[in-house]
Amino acid sequence: MDPVASAVRLEVQEAVHILSSSEDGGHIVSTLQSLRRYLGEMETQAPPGEQEEFSRTHFSTVLRCLVGKLSPDWLDLLPDGQLEELWASFFLEGPADQAFLVLMESIEGAARVVGLPDRLGNCLQRETLAAFFPQNYFPLLGEEVLRVLQAVVDSLRGGLDCSVSFLSQVLGKACVHGRQKEILGVLVPRLTVLTQGNCLWQRVCWRLVECVPDRAMEAVLKGLVEAAPGPEVLSRLLGNLVTKSKKAQFVMTRKLLFLQYSCSTPVLQSLLGYLAMDSQRRPLLVQALKELLETWGSSSAIRHVPLEQQCYVSKAVLICLAHLGEAELRACREELLASLMDGVKNRLDSSLPPVRRLGMTVAEVASARLHPEGPSLKFQYEEDELTREILALAAPWLAPDGPSEAGLPVAPVGRESPDQETVDGGGPQAGREGSDSELDSDDELVPYDMSGDKEQRNSKTPAYVRDCLEALTASEDWERWEAALQALEGLVLKSPAATREVSLELAKVLLHLEEKTAVAGFEGLRQRALVAVTVTDPARVAEYLAVQFYALNYSLRQRMDILDVLALAAQELSRPGRLRRAAQQGSPGPGSQPSVAAVPAWQAVVEERVRCKTRRFCKQGSAGWAAAAGPNEFNAVAGYFFFPLLQRFDRPVVTFDLLGDDQLVLGRLAHTLGALMYLAVNTVVAVPMGKALLEFVWALRFHGDAYVRRGLLSAISSVLLSVPAERLLADLPDELLEARSWLADVAEQDADEDCRLLAVKALLLLEKLRDRLLPLSSP
């Protein structure tokens with residue numbers, strides 16, 4: 001061995017031994033000063049060869065020893081901080097790269113990164129720097145997490161693979177330590193902005209939370225629910241996590257609803273609103289409502305659960321009812337009403353007035369929602385702060401006058417049905433006289449007959465398509481925004497020429513439109529308006545939507561919305577007599593009134609009775625067929641709907657990969673293409689469409705997902721139904737021969753029963769064409 005290297009090694013070994021074992025401050029200082037010769041900081045410096053050998057081979061060993069000895073007792077071996085200053089000089093004056101690596105090594109791991117303020121506080125106590133106080137350190141840690149996430153997003157855009165598991169561990173550990181407010185107070189506001197309209201950021205956030213260890217999932221989810229400003233933001237941050245993670249599902253649907261009751265009402269609304277915002281999560285909301293009502297009505301829970309938790313469960317019940325639709329409630333109405341009635345009985349038997357009052361209030365508003373067509377419950381009780389809060393939660397479905405009026409609609413005085421007026425012979429006046437007799441004796445004011453009054457048109461309702469476009473894009477008047485969304489479909493159908501002037505801009509606005517208010521049926525209104533725009537200007541809008549299907553920065557929900565709109569618009573265009581119906585369905589202009597309003601009630605009754613007793617022979621039927629006749633408008637534009645959807649299915653982009661993880665969208669695409677093929681029956685473009693669709697099917701025929709295979713099999717049947725048999729024989733004989741062999745294998749061997757059934761149906765269609773398609777008659 002080189003004598004220089006050997007001498008340096010022996011001196012370093014001896015110095016490390018002294019530093020590790022000696023408690024003599026003077027001996028330690030002399031040893032450190034001797035080692036500093038190799039850094040060139042002493043008057044008597046070591047030769048350059050020894051300095052180089054020390055820096056290259058032994059410096060990191062000395063630093064690890066110094067880090068291991070760092071403690072208040074060791075630093076206090078000499079007064080006035082002399083030892084601390086000498087200790088720090090090795091890290092500040094030596095090779096910076098090695099010092100950095102040793103320091104990082106000493107705090108490696110998520111536990112030490114998060115626990116650094118505690119470790120430094122234990123070591124330095126009152127001398128800890130302000131930057132390492134928890135209230136300062138964890139916001140700084142949140143900023144650094146954001147910087148790393150931005151680097152991850154940039155790398156993904158560049159086509160590189162990245163992992164966020166370390167960040168997930170850091171986030172989970174910080175939340176487990178009780179620092180949710182500090183770190184999420186920085187993360188959530190920035191991620192709220194970054195994820196708005198950016199599906200790549202959304203997917204990174206989803207992955208960030210998915211990778212949180214199970215032991216920390218509860219702390220992270222509770223912190224996010226409390227920090228998110230609403231269900232829309234929470235949905236962007238979590239995605240469908242509750243359907244993927246059993247731990248997350250337990251926390252969101254059990255722990256935060258039944259085992260805890262510390263969440264405020266806005267936080268509870270955010271949590272349940274998150275469950276309601278996606279069709280995959282809504283079954284969890286229905287199940288949560290069933291269990292909440294069962295708990296609310298349990299006699300054991302009423303006796304043993306604190307009143308605060310009973311109020312918490314009651315609020316959760318009403319919030320669930322506000323989010324669920326009529327069809328969802330109708331499917332489980334009997335079960336919900338049974339739980340509600342049991343709870344009412346048990347609560348009325350309680351000796352505590354707050355419990356009885358809670359039962360009466362919830363029963364009133366819940367019965368009005370669960371059974372709106374029947375008489376709702378009505379109790380006498382004194383209102384307090386809790387009852388007023390419950391009534392506010394039920395405001396979306398209750399009438400202004402309270403629960404009883406919501407369940408039992410009261411007709412205006414003197415307003416009778418036409419049949420009653422005719423039978424009684426008294427007309428409206430008779431009804432008024434009967435009402436007068438029931439008035440109090442000292443009431444001298446007689447109500448007016450309001451039966452002929454008409455509701456005034458909302459002044460905020462737009463009259464033109466451009467007004468709707470302006471209201472949906474630039475207006476901060478939410479009433480005007482709602483009115484524009486509700487009127488848009490009718491205005492588009494009424495004014496096709498005006499719509500075509502702004503069709504692409506209108507389609508873009510509707511495609512990116514987000515619900516800003518609690519407007520009833522928002523998704524349906526948006527979809528119908530977008531379908532109407534597509535039908536009005538099919539070539540340009542359909543091509544635009546098909547191109548956007550493969551564009552960046554769209555969520556999977558938006559891509560599936562595009563497929564739904566294209567299929568619905570194609571279906572509408574292919575219907576005979578569409579133009580005649582569109583003219584009849586156009587909404588009336590401002591100030592117009594239905595013509596029926598001018599017909600007297602007695603005349604309407606007479607005409608109805610004459611119509612019921614009159615026999616007609618076939619004239620009406622033939623006239624109906626003639627009215628429905630007309631050209632297939634889809635014939636001229638089918639290519640704009642179909643071919644752009646096929647151009648890029650095998651080309652993954654950064655945020656969208658049909659042949660990878662996004663197989664649900666691929667299955668929907670296959671079904672949509674099959675529907676477009678079927679609607680193109682008897683059109684001139686059916687043959688090239690059929691050939692292209694068979695190539696698409698052939699490329700994916702062995703796909704592992706059953707839903708995708710079902711779509712492909714449906715597409716085969718659509719080709720057989722839409723392309724004339726002669727053209728199949730002339731243009732596609734080889735493709736059909738290969739398809740028949742594949743269909744036979746699927747019918748016998750596919751693991752999915754629906755796939756086997758669809759394959760059999762397609763084979764039967766081929767058998768019907770056997771006489772014309774002779775090459776297929778042989779096995």
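Me: Let's start on the surface. Which residues make the nonpolar patch of about 330 Å²?

Reply: Heads-up: this is a predicted model, where local features need pLDDT of at least 70 and side-chain atom pairs count only at pLDDT 80 or more, while totals for chains, interfaces and linings use all residues. Residues are numbered from 1 along each chain as its sequence is written, and side-chain values use heavy atoms, with hydrogens and water left out. A patch takes residues with over 30% relative accessible area and no salt bridge (a side-chain nitrogen of Lys or Arg within 4 Å of a carboxyl oxygen of Asp or Glu), joining like charges within 9 Å and nonpolar side chains (Val, Leu, Ile, Met, Phe, Trp, Tyr) within 5 Å. Here the patch members are Phe100, Leu101 and Met104.

Me: Is Phe100 buried or exposed?

Reply: Phe100 sits in helix 6 (residues 96-106); helices (H or I, at least four residues) and strands (E, at least two) are DSSP runs, numbered from the N terminus. Buried means under 20% relative accessible area, exposed over 50%, and partly exposed in between, with a 1.4 Å probe and protein chains only. Phe100 has a relative accessible area of 52%, so this residue is exposed.

Me: What's the overall helix count of the protein?

Reply: Some context before the tally: of the protein's 779 residues, 44% count as buried. The accessible surface (Shrake-Rupley method, 1.4 Å probe; for residues, only the protein chains shown count as cover) comes to about 40700 Å², with 53% of that belonging to carbon and sulfur atoms. There are zero strands, and the number of helices is 43.

Me: Which residue's side chain does Gln260 meet in a polar contact?

Reply: Gln260 is in the loop between helix 15 (246-259) and helix 16 (265-276), and at 16% relative accessibility it counts as buried. Leaving out neighbours within four places in sequence, it's in contact (heavy atoms within 4.5 Å) with Glu218, Lys222, Lys255 and Tyr312. A polar contact is a pair of N or O atoms within 3.5 Å; within protein, one must be able to donate a hydrogen and the other to accept it, and residues adjacent in sequence count only if both atoms are side-chain atoms. At 3.4 Å, the side-chain partner of Gln260 is Lys222.

Me: Why is helix 13 described as largely enclosed by the rest of the structure?

Reply: The cover for its buried residues includes helix 10 (180-194), helix 11 (199-210), helix 12 (214-227), helix 14 (241-244), helix 15 and helix 16. Among the buried ones are Val233, Leu234 and Arg236. Helix 13 (residues 231-238) is largely enclosed because the buried count among its eight residues is seven.

Me: And which residue takes a positive phi just after helix 13?

Reply: The buried residues of helix 13 include Leu237 and Leu238. Just after that helix, with a phi of about 60°, comes Gly239.

Me: What span does helix 38 reach from its first C-alpha to its last?

Reply: Helix 38 (residues 663-679) has 17 residues, and the expected span is 1.5 Å times one less than the number of residues. Its buried residues, including Leu666, Leu673 and Met677, are covered by parts including helix 33 (556-574), helix 37 (638-646), helix 39 (686-700) and helix 40 (706-722). The reach is close to the expected 24 Å, coming out at 24 Å.

Me: Which residue forms a salt bridge with Glu328?

Reply: The whole structure holds 27 salt bridges. In this one, Glu328 pairs with Arg282, the closest N and O atoms being 2.6 Å apart. Glu328 lies in helix 20 (residues 326-331) and its partner in helix 17 (residues 282-296), so the pair ties together parts 46 residues apart in sequence. Glu328 is partly exposed at 25% relative accessibility, and the buried partner, at 18%, is Arg282.

Me: Which residue does Glu335 meet in a salt bridge?

Reply: The N to O distance is 3.8 Å, and the partner is Lys290. Glu335 lies in helix 21 (residues 333-348) and Lys290 in helix 17, so the pair ties together parts 45 residues apart in sequence. Glu335 is partly exposed at 42%; also partly exposed, at 22%, is Lys290.

Me: How far is the C-alpha of Leu336 from that of Leu370?

Reply: Leu336 is in helix 21 and is buried, with a relative accessible area of 1%. Not counting residues up to four places away in sequence, it touches Leu289, Lys290, Leu293, Leu329 and Leu370. Leu336 and Leu370 are 34 residues apart along the chain, and their C-alpha atoms are separated by 7.8 Å.
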